[in-house]
Amino acid sequence: MSFDWGRARSVFVAGLWDENPVSTQVLGICSALAVTTRLENALVMTLAVVFCCVAVNGVVSLLRHAMPRRVRLIAEVSVIATLVVVFDQVLKAWFPAMAAELGPYVGLIVTNCIVMGRAEAFALSHDAALSMVDGLANGLGYGLVLVAVAAIRELAGTGALLGHPLLPAHVWAPNQMAVLAPGAFFVMGFLAAFLRILNPKAREGGNS
Amino acid sequence: MRREGPASSLRFTIVLGTVCALVLTGVGRWTAPRREAHRRASELRGVLAVLDLAPPEQAGSEELLRRFESAVRPLPAPGGTAYARRDGAPLVALRFEGAGLWGPMRGYLSVDRRQRRIHRFVVLSHEETPGIGGKVAEDEFAARLAGRPLGEAGRVFVLVAPGTASAAGEVDGIAGATMSCRKLQAMVSRVLEVHRALWDDRRSREGGRR
């Protein structure tokens, strides 16, 4: 069976932009708020979520014809948890500094609504290749918002980006609120509103 | 998706669970040597760092071990968690470990026996919230602890609101990380009290005169 590039492109654009998992579908908010205190944390988290979304969607899609309906959620969680732990172990073994930076948040990808949501909404009803494209798009869409929020919060909260000071003290007094939880909600909310203004086609609940 | 009875659901669940368990076991065993090597290397780095013997950042595990064995000697302490320099410098490295706010935390601190002060402090691993409680592991917080005098009761420092530390024994806390700081304070106070005989020269001399 040949790969439908046109369909793949529309699935990719939907996951990345039109149906962005964070700003449009409002999924994965917990980790999106928690790891965006620093831009480097957001970048590594993006990598982790992209891997998990792609791998989980691929595996769930491959198992979809053999999976009994009554145990599908248990099966999906099992697959997600296994792949997340595999990623965490490999990260700790080969990139210990990066693993230390993220701390507990790699493990918390198991509870990320995006991973389970896309497995349930897309991978169960599409072939593996297209499901992996959907996973890639949603992972990158999550990362897009994460990086934007993290850049704003780190810059406003510390005057620096990726640890490099950008705003001198006489120009900008670091805003502690931006680094704490309430600031995360404010930034996320305004960003989501801004993205919806930019993209009128953005719609919730749309399954590609 | 298949619509079948409980037996097929149970069969599928057992097979999937077994496969997942095998994958996790395999990956765990495959990565265990490297993870253990990293853990051991971080311990060596921690000891060398607090004893002012820190090697270059890119030093490999062999160089770390060579430097550790040539420059550091273990001190008699429960669990072998205290070290000193072989050249006689008055620094004692102590390992602290305990429960942070969200998970275990461990690290090393060194005490200057002559001046009765904390010399250096490093957190090797923790599970605090990155960017908030995780700031206890950063150089900025470690710098706040360096040079703190040690009181008679072994109390290391008093946490105060950020920006208000004035007395020698006061340390600026971290906004949003009060609990993490207090957990760390308790761990450090405990290890100093347990190993007091190793760093409290004054008490050792008074004990000798009695």
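Start by selecting residues 104-112 of chain B, which form strand S4, together with residues 117-125 of chain B, which form strand S5: the two strands run antiparallel and are joined by 7 bridges. Keep in mind throughout the tour that this is a predicted model. To see one of the pairings for yourself, pick B:Leu109 and follow it across to S5(B), where its bridge partner is B:Phe121. Then move to the turn of this hairpin, which has 4 residues between the strands, and select B:Arg116, whose phi is positive, near 55°.

Stay with strand S4 of chain B for the next stop, which concerns aromatic rings. Over all chains the structure holds 5 aromatic pairs. For one of them, show the side chains of B:Tyr83 and B:Tyr108, whose ring centres are 6.4 Å apart and whose planes stand at 50°, so the pair is tilted. Because B:Tyr83 belongs to strand S2 (residues 82-85) of chain B while B:Tyr108 belongs to strand S4, the pair ties together parts that are 25 residues apart in sequence.

Next, go to the loop that lies between S5 and helix H3 (139-145) of chain B, and select B:His126 there. A polar atom of the B:His126 side chain lies 3.1 Å from the backbone nitrogen of B:Glu128. If you leave aside residues up to four places away in sequence, B:His126 touches B:Pro104, B:Met105, B:Gly134 and B:Ala137.

Now bring chain A into view alongside chain B. Which residues form the salt bridge between B:Glu138 and chain A, and how far apart are the closest N and O atoms? The partner of B:Glu138 is A:Arg38, and the closest N and O atoms are 2.2 Å apart. This pair crosses between chains, with A:Arg38 in the loop between helix H2 (29-34) and helix H3 (39-63) of chain A, and B:Glu138 in the loop between S5 and H3 of chain B. The count between chain B and chain A is 1 salt bridge, whereas the structure holds 14 salt bridges over all chains.

Finally, widen the selection to the whole interface, where 30 residues of chain B are in contact with 34 residues of chain A. The area buried between the two chains is about 2,800 Å², and carbon and sulfur atoms give 68% of that area. Between chain B and chain A there are also 5 residue pairs in polar contact, counting pairs with both residues at pLDDT 80 or more. If you colour by class the side of chain B that touches chain A, you will find 12 nonpolar, 10 polar and 8 charged residues.

Note on methods:
Residues are numbered from 1 along each chain as its sequence is written. Chains are lettered from A and ligands numbered from 1 in the order in which they are written. This is a predicted model: local features need pLDDT of at least 70, side-chain atom pairs count only at pLDDT 80 or more; totals for chains, interfaces and linings use all residues. Side-chain values use heavy atoms; hydrogens and water are left out. Two strands pair if DSSP finds at least two bridges between them. Contact means heavy atoms within 4.5 Å. Buried area is the accessible area (1.4 Å probe) that two parts lose on being put together, summed over both. A salt bridge is a side-chain nitrogen of Lys or Arg within 4 Å of a carboxyl oxygen of Asp or Glu. A polar contact is a pair of N or O atoms within 3.5 Å; within protein, one must be able to donate a hydrogen and the other to accept it, and residues adjacent in sequence count only if both atoms are side-chain atoms. Ala, Val, Leu, Ile, Met, Phe, Trp, Tyr, Cys and Pro count as nonpolar, Asp, Glu, Lys and Arg as charged, and the others, Gly among them, as polar. Rings of Phe, Tyr and Trp (its six-membered ring) pair if their centres lie within 6.5 Å; planes under 30 degrees apart count as stacked, over 60 as edge-to-face and the rest as tilted.
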